Number of protein chains: 2
Amino acid sequence: MEERTPRRPRIADVAREAGVSKTAVSFAFNNPDRLAPETASRIRDVADSLGYRPHPVARMLTQRQTHTIGVLTPQALSVIFSNPFFGAFNEGVALAAEQEGYALHFISPLHGSLAQAMSQATVDGVVAVGLSASHPEVEQIRAAGVPLVMVDSSALPDQPGVEIDDEGGARAAAEHLVMLGHRDILIVSVEPPPPALELEPEGVMGRRLRGYRSGLEAKGVEFDPRAVVVAPASIEGGLVALHRAWGAGLRPTGVLVMSDAMAIGVLRAARELGLRVPEDLSVVGFDDIDVSQHVSPPLTTVHQPIRRKGESAVRILLSVVQRRDRDPEQLRLETRLIVRASTGPAPRRRQEVERVRG
Amino acid sequence: MEERTPRRPRIADVAREAGVSKTAVSFAFNNPDRLAPETASRIRDVADSLGYRPHPVARMLTQRQTHTIGVLTPQALSVIFSNPFFGAFNEGVALAAEQEGYALHFISPLHGSLAQAMSQATVDGVVAVGLSASHPEVEQIRAAGVPLVMVDSSALPDQPGVEIDDEGGARAAAEHLVMLGHRDILIVSVEPPPPALELEPEGVMGRRLRGYRSGLEAKGVEFDPRAVVVAPASIEGGLVALHRAWGAGLRPTGVLVMSDAMAIGVLRAARELGLRVPEDLSVVGFDDIDVSQHVSPPLTTVHQPIRRKGESAVRILLSVVQRRDRDPEQLRLETRLIVRASTGPAPRRRQEVERVRG
DNA sequence: CCGGTTTAGCAAACCGGTTTAGGCTAGATT
DNA sequence: AATCTAGCCTAAACCGGTTTGCTAAACCGG
């Protein structure tokens, strides 16, 4: 007698074994009231003894829902997960999703195509983060007909979304430095990842840049485009950014950095250059990720409610997934400057900085 | 004339519109060689004009695969994502998965039950991390018949898995401190999360504890169980752990911490207590997460190849998902001590520490 | 002109469930 | 006794695709 690889038992096997119809087996699991109690429990016993579990894919197909929400990003997942910003964001997403019993499915470009990855994904709805409204594939994605909430994309009309007041936060950061007496200010911006989108004015970084600029100009400091450097949004990125700026002869007393990860790199570069923070150089980050309060000196930064952003996105998404009748909800969360120890009064005389560098 | 909500077009709609059978439509997408070229392209045109995309769930059902791998953890996802260890691990997982065109699906306890979450998940295989072999649901999970690779669980026979040399790494850390002259050593261990598993001897932390112990004893330092404190595996956790130990009257000159996140908290607590690191207090972490080299002072820690662990787990998983004939592969990765600046010679006289504290 | 091979496309079965619309029986009602 | 109702269960249709035979026509060399 051959030992066959044991097929996974299906509903028909249970039905046959229990001497009932498939319908009865299905009812035993999903709708036991429609069966005599003893029949239902007998069916369940048989199912257990066979090790039967309803096939999740088949269920999805008939019920037309997957109980899964997708998190979509235009970047490779392998660059997302160890980014503390995404960590906190995903934490919020997970919190809201778990509460409602939804699982999480991550969608990233498949063979370079987001739309393709999207059409392969079995989700009830999608939270898109870091996807700019002008992304080439955004139309295809919307055309997939899956409920979609966009995060940090300048809102399309009719498109639910969550964003924050990037511009206001950046303006506060810039004004803070100016009020401390800084005049020579370096701006460190985020370089778009390889599949190089231009630095679009509608993107997050565009908004922050506008905020910096208006903050400077509001206080009478001229905005100098040559004092803007660009690097990858990582600790390393910030590190090389300051070194490069310094090497190019810039001698700022204050730095406005568009992400905390980069700001941490800037802090490190400052130490390497022999600059004391904040005595010689003031640094302001953006995002207020968890570690920012633990680095030394603790980082002055623009706080945004990252976890809440993730939670809200999921809440909004589920409200459209579950009842179709909603208006597209657009949520805007506040930012605020948190002054810690990485900023201080500008050094009196420029020489002071020069001397240290030498 | 009523405006009906437009049904998603199905294969039958395309077939009717193009005047062919469903089979032909299917071929046009998956097996165009079996059709005359002009027929195939006509079908694809019709499909495009209708906005037709094959329904991913239906595909999964017939093809019996989902092109998705699951990442399973016994903890809530909302505690996972902003943990830098998981961040790096997931990065490795994502890297290997993306290379093979697999998406990622995260599975965490559903209504408290991992097995239930598991049976709902549509994945081709699962990487389980932080799931101890003695977890109450591990049998049900294995019984689901889904290929499974366990990470950091003491290997079950017949069960593919990836682990690291926790014990060896911990021993090296302990010996390092002893060689620097430390005799009063505090051990900070990880408290199991709420659904409180005991601190099992087979768990990761059990292995590390054994390593510390054997490292101490090998160098003739007695292991004192009262010098082991327990706290959550977070920066906060480490912070309160040292404060609590200090408050209880312990006066270690060296601390062995079972995770870098906690070690960073310990560093901070030391600063709050007025202790200089490493002059007054030496601190050794475990894991070597990315930030550890950026905190100040840079953290001496036991390195483990976290990303590679994730990658390897997925590689092994896919090798069994794709061809069933493999032996269960068990991989063990090395750890090594990385000495940075948070450890140094023990202070000469105990008084030195006492004085500082005062 | 004939048997044999391609080629192009189709009908039907299948994946593994859920759901609709009844059917049958037994007890209650008229 | 005939009709109604309630309770329990089922056959068949359905979700939306893929795959397996099979057939009819075109092609081919002899």
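**Protein surface around DNA strand C and a strand pair in chain A**

The surface near DNA strand C comprises 12 nonpolar, 10 polar and 7 charged residues. The model is a predicted one. Of the 29 residues around DNA strand C, those that come nearest are A:Ile11, A:Ser26, A:Asn30, B:Ser21 and B:Thr23. On the nucleic acid side, 57% of the atoms of DNA strand C that come within 4 Å of the protein belong to sugar and phosphate.

Polar side-chain atoms approach the phosphate, base and sugar or linking portions of the strand. A polar side-chain atom of A:Ser26 is placed 2.6 Å from a phosphate oxygen of DNA strand C. In chain B, B:Arg34 has a polar side-chain atom 3.0 Å from a base oxygen of DNA strand C, and a polar side-chain atom of B:Arg64 lies 3.5 Å from a sugar or linking oxygen of DNA strand C. The elements giving two or more residues to the surface near DNA strand C are α2 (22–30) and α4 (56–63) in chain A, together with α2 (22–30) and α4 (56–63) in chain B.

A separate set of results concerns two strands of chain A. Strand β6 (residues 185–190) of chain A pairs with β7(A) in the parallel sense, over 4 bridges. Within this pair, A:Val188 stands opposite A:Val229 in β7(A). The side chains along strand β7 (residues 228–231) of chain A alternate. A:Val229 and A:Ala231 point to one face and are buried, whereas A:Val228 and A:Val230 point to the other face and are not buried. The residue of β7(A) opposite A:Val188, namely A:Val229, therefore belongs to the buried face of the strand, buried being under 20% relative accessible area.

Conventions: Residues numbered from 1 in each chain as written. Chains lettered and ligands numbered in written order. Predicted model: local features only at pLDDT ≥ 70, side-chain atom pairs only at ≥ 80, totals over all residues. Heavy atoms only, no water. Buried < 20%, exposed > 50% of the residue type's maximum accessible area, 1.4 Å probe, protein only. Pairing = 2+ DSSP bridges. Near = heavy atom within 4 Å. Polar contact = N/O pair within 3.5 Å; in protein donor to acceptor, adjacent residues only side chain to side chain. Nonpolar A, V, L, I, M, F, W, Y, C, P; charged D, E, K, R; others polar.
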